[in-house]
Each structure stands twice: as C-alpha cells, then as structure tokens.
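Here is a quick walk through a protein model, written for someone who likes to know the cut-offs. Have a look at the structure first, then read on.

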Amino acid sequence: MSTGGATRPPDPDAVYAALKTTGQLKSHRVVTYRCPQRCMLLDVLNLPDPLGVVVHIPRYRLSPGLNAQTSSADGRANNTEDGDNHWQGWTAPRAQVSRPELTCKHVMVPLEDEDLDAAISSRRAEVVVYPPGAQSA
Ligand SMILES: [Zn+2]
C-alpha cells in the first residue's frame, strides 16, 4: 500500500516462523488467545520496527462437515494447504488486521477489534475464548 519506501519491511510470516523455530516467540509475545481445550487461536507479538505489533493466526483443521458448512470451494482452493480442510496460518501487522476469525475444532468466533486492542494494551498474556453460549455455563 505504501509507495516510495526504499526498504521493504520483513515478511511477518517468515519472521514468525523463524522465531518459532528458534524458540524466541515467548520473548516477543504480548497476548495469546486459546480455546478451553488449549488450542492456540491467535498470537500477538511485539516485534522491532518496522513490523511492530503483529497478529498471527495458526493453521487449523476443520471437521469435514463444519468445513463444508463454513467455507466455499473458492476459499478452500485459495486458503488451504490441501485444497480441503487444512487452513493456512498467517501473520500480519496489527494495522492490517480487522476483526480476525478465531477458529479451531471447538470455537469459531470473530474477535472484535476493540477487544483485541484492549487485550494488547493491558498485556493480558492469555485470553481464553469460549464457544458462543458456553460462557455462562
Ligand atoms: Zn480448540
């Protein structure tokens, strides 16, 4: 989107993968969202400039029924690893992310931007996300 810059910012996906490989995610982590069964739903890191705060959605797999119900053939062709139900993870600067979807086998809910920003600014470390309707149980 920006033009005229001489330096290209590092690829957030590559940076995240490198930190994961070298065991350094923890030292950059601001907040992690998990489901009650401990799947990681979303990870937020605070990285050196120019990346700054980045949001990572891990790869996930859906059951065939849920997968067919919640995605289109085009979406599956473009965003899965196997053309079916193994969805690719991604990493992007916070500013480029809007209302990310939190998805695992147990939970599928959008994360409101104001909730994400509140968790980031309060450095809550971990947020557990319950499936809709289960919160009051
Ligand atoms: Zn889960």
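## Overall make-up

The protein has five helices and nine strands, where helices (H or I, at least four residues) and strands (E, at least two) are DSSP runs numbered from the N terminus. Along the sequence they follow the pattern α-α-β-β-β-β-α-α-β-β-β-β-α-β. Keep in mind that this is a predicted model: local features need pLDDT of at least 70, side-chain atom pairs count only at pLDDT 80 or more, and totals for chains, interfaces and linings use all residues. Residue numbers start from 1 along each chain as its sequence is written.

As for size, the C-alpha atoms fill a box of roughly 45 × 35 × 30 Å along the principal axes. The radius of gyration is 16 Å, which agrees with the value near 14 Å for a compact globule of 137 residues; the radius is taken over C-alpha atoms, and the globule rule is 2.2 Å times the number of residues to the power 0.38. Of the 137 residues, 20% count as buried. Buried here means 20 or more other C-beta atoms within 10 Å of the residue's own, exposed means 12 or fewer, and partly exposed is in between, with C-beta atoms placed from the backbone.

## The five-stranded sheet

Five strands make an open sheet with mixed pairing, in the order E6-E3-E2-E1-E9; strands pair if DSSP finds at least two bridges between them. Strand E6 (90-93) and strand E9 (125-128) are at the edges with a single partner strand each, so one side of each has no neighbour in the sheet. Neighbouring strands are turned by 15° against each other on average, direction ignored. Angles run from 0 to 180 degrees between N-to-C directions, and the axes are lines fitted to C-alpha atoms, for helices over the stretch in contact.

E1 and E2 pair in the antiparallel sense over five bridges, with Val31 opposite Val44 in E2 and Tyr33 partnered by Leu42. Their hairpin has five residues between the strands, and Arg38 in the turn has a positive phi of about 80°. E2 and E3 are also antiparallel, over four bridges, and Val44 has Val55 as its bridge partner in E3. In that second hairpin, six residues lie between the strands and Gly52 takes a positive phi near 70°.

## Helices on the sheet and the core

Which strands does H5 touch as it packs on the sheet? They are E1, E2, E3 and E9, and the direction of H5 makes about 135° with that of E1.

The largest nonpolar core (buried Ala, Val, Leu, Ile, Met, Phe, Trp, Tyr and Cys residues joined through C-beta atoms within 7 Å) has 19 residues, and Leu41, Leu42, Val44, Leu102 and Val129 have the most contacts inside it. E2 gives the largest share, four residues. That strand is mostly covered, with five of its seven residues buried. Outside its neighbours within four places in sequence, Leu42 is in contact (C-beta atoms, placed from the backbone, within 7 Å) with Tyr33, Val55, His56, Ile57, Pro100, Leu102 and Leu111.

## A look at Leu62

Leu62 lies in the loop between strand E4 (60-61) and helix H3 (64-70). Is this loop residue buried or exposed? Leu62 is buried, because 20 other C-beta atoms lie within 10 Å. Beyond four places in sequence, Leu62 touches Asn67 and Asn85.

Key:
Two residues are in contact if their C-beta atoms, placed from the backbone, lie within 7 Å.
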